[in-house]
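Work through the exercises below with the sequence and the model open. Each task is followed by a solution in steps.

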Protein chains: 2
Amino acid sequence: MKIFGIDPGSYRTGYGCIETTGSRHRMVISGAIQTPALATFSEKLLTIHTRLAVLLDQCRPDCVAIENLFHASNARSALKLGHARGVAMLAAIEAGLEVAEYTPAEIKRAVVGYGRADKHQVQQMVKLILGLTAVPAPHDAADALAIAICHVHSIAPGGAVLPVQPRSKAATSWRHYRPARS
Amino acid sequence: MKIFGIDPGSYRTGYGCIETTGSRHRMVISGAIQTPALATFSEKLLTIHTRLAVLLDQCRPDCVAIENLFHASNARSALKLGHARGVAMLAAIEAGLEVAEYTPAEIKRAVVGYGRADKHQVQQMVKLILGLTAVPAPHDAADALAIAICHVHSIAPGGAVLPVQPRSKAATSWRHYRPARS
């Protein structure tokens, strides 16, 4: 089963596709769609939509998972994010794929075991879970992979979607993780 | 010159196309795209995008005008509106059309002559300006026509976009307009 995660943003949209056998997960592709700085807002939306449509056609996933936000710093930034998220969801439904939505807390709980984990903890767990040699860059790509992992962890073996649970005791121990000072 | 106005919304998206000779305007088409109540949110976005793409192909306007919102009652409703607005802008840019954006106050000022005019005043002026026998229904369609009229009023004869100004003294007098009690 293949899951395509999307972390939408009008400036940069992260994406990551993972393949899972149920117990083992492997990264297929990950990256970020950088919108041209000098483009108009509608051109940026076109870039996000076109690139995602091509990527979904290449990866042919079984499902798309996307971050769901209820809170934003202000209505203006929420409106802007909504545009990017709208065209990303449109690319998925145009490809005939279902869209699963998860809140940031659900994603953190599913990946790290703790809903208030920080970005660094999430990225390190993505690296561990997918057996990568380094954290995927840019961070939007790692976030998109985390969303895909969250979807895998919320699917029962029969295919039913379960409420997101902490992964395991080991994962829960990330609650106490503190990154080393560099 | 043809202008296609869009008043986006995830529940109902108003649209209206007007044709102008410079001094006289005529309504080409108007209506609203009602999204299926039981559809998923991504299916609603698909409905809006597909219908708008068909309408733009039928009308072949020279430009698309859309309402621009900076303020919303809360971040959640702004996020939802952003999705609908995003797929509407995408339909326009995919049709090779430029997208002009106007705030509600600019639209009211251009159509009624007063930035704090109420919905009823805007609808009555749309009816008057386009020489219609009745206010276009539903109100989202009238709002979309108002956006298109606003764009016409902000274009100089040479085609350059001017800052939106009150139309005339007659239009400004709408400031004092009070609808008759029914």
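**Exercise 1.** Count the salt bridges between chain B and chain A, then describe the contact between these chains in this predicted model.

Solution.
- Step 1. Look for a side-chain nitrogen of Lys or Arg within 4 Å of a carboxyl oxygen of Asp or Glu. Between chain B and chain A the count is zero salt bridges.
- Step 2. Turn to polar contacts: six residue pairs, both at pLDDT 80 or more, are found between chain B and chain A.
- Step 3. Assign the chain B side to its elements. Both α1 (41-59) and α2 (75-94) of chain B supply at least two residues each to the side that touches chain A. The largest share, 14 residues, comes from α2(B).
- Step 4. Count residues in contact: 24 of chain B meet 25 of chain A.
- Step 5. Add the area. The two chains bury about 2,200 Å² between them, and 76% of this lies on carbon and sulfur atoms. In chain B, the residues that lose the most area to chain A are Leu79(B), Leu90(B) and Ile93(B), together 24% of what that side buries.

**Exercise 2.** Check the length of helix α5 (residues 139-153) of chain A, and decide whether it is enclosed or open.

Solution.
- Step 1. Place the helix: chain A has six helices and five strands, in the order β-β-β-α-β-α-β-α-α-α-α from the N terminus.
- Step 2. At 1.5 Å a residue, the 15 residues of α5(A) should span 21 Å. The end C-alpha atoms are 21 Å apart, which agrees.
- Step 3. Of those 15 residues, 13 are buried, so α5(A) is largely enclosed by the rest of the structure.
- Step 4. For chain A as a whole, buried residues make up 50% of its 182 residues.

Terms used
Residues numbered from 1 in each chain as written. Chains lettered and ligands numbered in written order. Predicted model: local features only at pLDDT ≥ 70, side-chain atom pairs only at ≥ 80, totals over all residues. Heavy atoms only, no water. Helix = DSSP H or I, 4+ residues; strand = E, 2+ residues; numbered from the N terminus. Expected span 1.5 Å × (residues − 1). Buried < 20%, exposed > 50% of the residue type's maximum accessible area, 1.4 Å probe, protein only. Contact = heavy atoms within 4.5 Å. Buried area = accessible area lost by both parts, 1.4 Å probe. Polar contact = N/O pair within 3.5 Å; in protein donor to acceptor, adjacent residues only side chain to side chain.
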